Amino acid sequence: WVPTVDISEFDDRFQLFVDLPGVAPDAVDITLDNSVLTISGERYFPAVPEGEQMTTHRNERGQGRFHRRFILPDTVDADKVKATDRNGVLEISIPKQAKAQPRRIKVAA
C-alpha cells in the first residue's frame, strides 16, 4: 500500500502530511540523506481474537510495508527536521536554509 501525502512549500520550510492511520509512530522510519527524504514502515490488520470466527471479511485499507521517497532541493536544513504524529497523520517540517551565493573576492595588494 502507498500512504497519501500532501506537500506544501513555504518561504521558510517544506511541510508534509502523511496519512498513516493504524501505524504506531515507532513503526515509521524517516531518513534524509543527500536531499532524499525517505519514509517507510509497516501496517498490519489486527488478528482475529482467539476463539472467534469471522463470518464476513472485506479489506479496503492496505496493509504491509510502505515506502515513499521524495527528492528535495539542496536548500533544506537536514539538522532541523521535525516529525510529529497527530491522530494518524504524520507531520514533517523541513526548514530551508540560505543557499550559499557566489561572491567576488578582491585580491589585496
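Which residue in β4 is the bridge partner of Asp 29? It's Ser 40. That pairing comes from a predicted model, so read what follows as a tour of a prediction. The tour takes in two open sheets, one with the strand order β3-β4-β5 and the other running β1-β2-β7-β6. After the sheets come a turn with positive phi values, a set of salt bridges and a cavity.

**The three-stranded sheet**

- Strands β3, β4 and β5 make up an open sheet in that order, and the pairing is antiparallel.
- β3 and β5 are the edge strands, each of them pairing on one side only.
- Ignoring direction, neighbouring strands here are turned by 10° against each other on average.
- On one side of β4, six bridges tie it to β3 (residues 28-33), with the two strands running antiparallel.
- Between β4 and β5 (residues 64-71) there are eight bridges, again in the antiparallel sense.
- Ile 39 is a handy landmark in β4: Ile 30 has it as bridge partner, and in β5 the partner of Ile 39 is Arg 68.
- β4 itself (residues 36-43) is mostly covered, with six of its eight residues buried.
- As a general reminder, strands of a sheet pair through backbone hydrogen bonds, in either a parallel or an antiparallel way.

**The β3-β4 turn**

- β3 and β4 form a hairpin, and two residues sit between them.
- Asn 34 lies in the loop between these strands, and its phi is near 50°, a positive value in a residue other than glycine.
- Ser 35 is in the loop between β3 and β4 too, and it also has a positive phi, near 65°.
- For background, most residues other than glycine have a negative phi.
- Is Asn 34 buried or exposed? Asn 34 counts as exposed because its relative accessibility is 71%, and the cut-off for exposed is over 50%.

**The four-stranded sheet**

- The other open sheet has four strands in the order β1-β2-β7-β6, with antiparallel pairing.
- β1 and β6 (82-86) stand at the edges with a single partner strand each, so one side of each has no neighbour in the sheet.
- Neighbouring strands of this sheet are turned by 15° against each other on average, direction ignored.
- Inside the sheet, β2 (residues 13-19) pairs with β7 over seven bridges in the antiparallel sense.
- One spot to look for in that pairing is Val 18, which stands opposite Leu 90 in β7.

**Salt bridges**

- How many salt bridges does the count come to? The count is six, and three of them are picked out below.
- In general, side chains of opposite charge can pair when their charged atoms come close.
- Lys 96 and Glu 9 meet through their side chains at 2.5 Å, N to O. This pair links distant parts of the chain, 87 residues apart, with Lys 96 in the segment after β7 (89-95) and Glu 9 in β1 (residues 5-9).
- Lys 96 counts as partly exposed because its relative accessibility is 23%, while Glu 9, at 54%, counts as exposed.
- Arg 86 has a salt bridge with Glu 91, and their closest N and O atoms are 2.7 Å apart.
- Arg 86 is partly exposed at 48% relative accessibility, whereas Glu 91 is buried, with a relative accessible area of 17%.
- Lys 80 and Asp 77 also meet in a salt bridge, at 3.8 Å from N to O.
- Lys 80 is exposed, with a relative accessible area of 52%, and Asp 77 is buried at 12% relative accessibility.

**The cavity**

- The count comes to one cavity of 30 Å³ or more, and the space in the largest cavity is about 40 Å³.
- Which residues line the largest cavity? The lining is Leu 20, Val 23, Ala 24, Pro 25, Val 28, Asp 85 and Leu 90.
- By type, the lining residues split into six nonpolar, no polar and one charged.
- Leu 90 turns up twice in this briefing: in the cavity lining and in β7, opposite Val 18.

Notes: Residues numbered from 1 in each chain as written. Predicted model: local features only at pLDDT ≥ 70, side-chain atom pairs only at ≥ 80, totals over all residues. Heavy atoms only, no water. 1 Å grid on protein atoms, 1.4 Å probe; cavity = no way out; pocket = protein on both sides within 12 Å on 5 of 7 lines; lining within 4 Å. Points joined across faces, edges and corners; volume = space filled by probe spheres on them. Nonpolar A, V, L, I, M, F, W, Y, C, P; charged D, E, K, R; others polar. Buried < 20%, exposed > 50% of the residue type's maximum accessible area, 1.4 Å probe, protein only. Pairing = 2+ DSSP bridges. Axes fitted to C-alpha atoms, helices over the stretch in contact; angles between N-to-C directions. Salt bridge = Lys/Arg side-chain N within 4 Å of Asp/Glu carboxyl O.
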